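User: Could you take a close look at the aromatic side chains in this model? I would like to know how they pair up, and then how that part fits into the rest of the chain.

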Amino acid sequence: MNDSSWGAPAGSGYWGPDQGPAPAGPAYDGLQAAQTRPMPIVPDVPAGDHQDDHGRGAAQPSGPLFRDETPNEHPQEPMSSPNRPAAPQKKSAGRDLGAAIGVGVGLGAVIIASLFIWKAAFVGVIAVAVVVGLWELTSRLQERKGIKAPLVPLAVGGAAMVVAGYVRGAEGAWVAMALTALAVLVWRMTEPPEGYLKDVTAGVFAAFYVPFLATFVALMLTADDGPERVLTFLLLTVVSDTGAYAIGWRFGKHKLAPRISPGKTREGLLGAVTFAMAAGALCMEFLIDDGTWWQGLLLGLAVAASATLGDLGESMIKRDLGIKDMGTLLPGHGGIMDRLDSLLPTAPVVWLLLVVFVGTT
């Protein structure tokens with residue numbers, strides 16, 4: 001091929017030496033005809049001004065014109081232009097709020113019904129939550145880290161721990177905890193010794209983290225006003241989480257612990273403290289026998305601190321495991337453990353302060 005034909009200016013009508021003027025229509029090179037396609041004709045109309053006779057926007061090509069063009073990844077959102085300011089980004093909750101609210105209301109109904117109708121039924125609810133939480137935790141440990149904490153002794157011992165705490169008090173809970181740890185050590189001996197230490201360490205940690213801390217809820221229930229104490233514990237924890245979310249989502253600018261949980265802010269923590277202290281004053285004044293409003297302020301402050309630390313603690317676990325949620329059992333919430341994260345460490349705090357403020361009966 002003569003190189004001079006590649007340098008001909010566009011639209012000059014040059015067809016090649018000794019071949020005369022180019023024919024009308026798109027130019028073709030005989031050797032490149034199979035690889036050449038006509039250039040699409042694009043009307044010289046500014047974007048956004050394509051209208052038909054009825055004033056409606058004319059149809060535009062749905063894909064890129066050329067191979068090296070990148071289609072708009074969000075076709076429902078118009079691409080920004082110098083003459084059109086970018087649309088402000090709306091904050092997103094990150095979860096399906098409708099499903100989360102529906103599941104929350106359903107769980108709340110089950111808890112309230114069992115709590116005030118029959119105490120033993122609520123102990124059963126605690127035991128079921130403990131077993132499911134242990135299953136989620138041990139499953140994620142095995143999937144992500146290869147740690148095989150024995151589930152069977154943990155589930156049996158965990159349920160027994162909750163029941164023992166309700167029937168025999170703190171002494172029964174400690175005995176059940178010790179027996180559960182021993183059962184984990186023995187159960188793991190039936191498998192090869194490789195990884196024994198990390199497996200039993202994770203098992204003992206799981207026994208303490210989930211069922212033992214949950215046992216303090218059963219201990220609260222043993223008092224004469226046990227249902228009211230448990231309700232106070234649940235309300236303050238939920239109100240603390242709600243206050244942190246509402247204030248942090250609306251006003252949060254300063255990160256609380258960016259390396260652990262980037263979504264938490266100092267403003268959110270202030271919201272948690274404010275909401276929990278207000279709710280604590282009301283609960284101690286109107287729900288707890290012999291309770292006073294100033295005790296509720298201290299109780300709310302302690303709950304906000306323990307709930308936040310519990311949330312950060314599980315965030316550390318999930319970040320180490322490289323997961324977002326512990327499970328998918330509860331739509332809009334994640335797993336059971338994703339709901340227990342702030343409740344578990346708060347239970348012994350509320351139990352202890354109530355004992356100090358109004359006693360055990």
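Analyst: Let's begin with a cut-off we will need: a residue is called buried under 20% relative accessible area, exposed over 50%, and partly exposed in between. Trp294 has 44% relative accessibility, and therefore counts as partly exposed. Please keep in mind that this is a predicted model.

A little orientation will help before we zoom in. The chain contains nine helices and two strands, and reading along the sequence gives the order α-α-α-α-α-β-β-α-α-α-α. There are 361 residues, of which 36% count as buried.

Now to the rings themselves. A pair of aromatic rings is described by two things, the distance of the centres and the angle of the planes. How many aromatic pairs does the structure hold? The count is six. One of them joins Phe212 and Phe216: the ring centres are 5.6 Å apart and the planes stand at 85°, so this pair is edge-to-face. Both residues belong to helix H4, and because they are four residues apart there, about one helical turn separates them. Are these two rings buried or exposed? Phe212 has 5% relative accessibility and so counts as buried. Phe216, at 13%, is likewise counted as buried.

Trp294 and Phe357 form another edge-to-face pair, with 6.1 Å from centre to centre and 70° between the planes. Here the partners come from two helices: Trp294 is in helix H7 and Phe357 in helix H9 (residues 343-358), so the pair ties together parts 63 residues apart in sequence. As we saw at the start, Trp294 is partly exposed, whereas Phe212 is buried.

Which residues make up the aromatic cluster? Trp174, Phe208, Phe212, Phe216 and Trp351 form one cluster, which brings the edge-to-face pair of Phe212 and Phe216 into a wider group of rings. A ring can also meet a charge in this model: the charged end of Arg250 sits over the ring of Phe251, at 5.1 Å from the ring centre.

From here we can move outward to the helices around this part. Helix H3 spans residues 151-188, and Val175 is found in it. Val175 has 46% relative accessibility, which means it counts as partly exposed. What does Val175 form on the surface with Leu179, Leu182, Leu185, Val186 and Met189? Together they make a nonpolar patch, with about 560 Å² of accessible area. For scale, the chain as a whole exposes about 21,700 Å², and carbon and sulfur atoms supply 64% of that.

Helix H4, which holds Phe212 and Phe216, is also joined to helix H3 by a salt bridge. The side chains of Arg188 and Asp199 meet at 2.7 Å, N to O. This pair links distant parts of the chain, with Arg188 in helix H3 and Asp199 in helix H4 (residues 196-221), 11 residues apart. Arg188 and Asp199 are both buried.

Helix H7, home to Trp294, takes part in salt bridges as well. Asp311 pairs with Lys264, and their closest N and O atoms are 3.3 Å apart. This links helix H7 with strand E2 (residues 261-265), Asp311 being in the helix and Lys264 in the strand, 47 residues apart. Asp311 and Lys264 are both buried.

Asp320 forms a salt bridge with Lys145, where the closest N and O atoms are 3.3 Å apart. Asp320 lies in helix H7 (residues 293-321) and Lys145 in helix H2 (residues 119-145), so this pair ties together parts that are 175 residues apart in sequence. Asp320 counts as exposed because its relative accessibility is 53%, while Lys145, at 38%, counts as partly exposed. In total the model has six salt bridges, these among them.

Helix H2 deserves one last look. Ala129 is found in this helix, and leaving aside residues up to four places away in sequence, Ala129 touches Ile336 and Leu340. Ala129 and Ala159 are 30 residues apart in sequence, with their C-alpha atoms 9.3 Å apart in space. Across the chain, among contacts between residues at least 6 apart in sequence, 67% join residues at least 24 apart. The pairing of Trp294 with Phe357, 63 residues apart, and that of Asp320 with Lys145, 175 residues apart, are two links of this long-range kind to trace in the viewer.

Note on methods
Residues are numbered from 1 along each chain as its sequence is written. This is a predicted model: local features need pLDDT of at least 70, side-chain atom pairs count only at pLDDT 80 or more; totals for chains, interfaces and linings use all residues. Side-chain values use heavy atoms; hydrogens and water are left out. Patches are made of residues with over 30% relative accessible area and no salt bridge: like charges are joined within 9 Å, nonpolar side chains (Val, Leu, Ile, Met, Phe, Trp, Tyr) within 5 Å. Accessible areas come from the Shrake-Rupley method with a 1.4 Å probe; for residues, only the protein chains shown count as cover. A salt bridge is a side-chain nitrogen of Lys or Arg within 4 Å of a carboxyl oxygen of Asp or Glu. Buried means under 20% relative accessible area, exposed over 50%, partly exposed in between (1.4 Å probe, protein chains only). Rings of Phe, Tyr and Trp (its six-membered ring) pair if their centres lie within 6.5 Å; planes under 30 degrees apart count as stacked, over 60 as edge-to-face and the rest as tilted. A charge sits over a ring if NZ of Lys or CZ of Arg is within 6 Å of the ring centre and within 35 degrees of the ring normal. Contact means heavy atoms within 4.5 Å.
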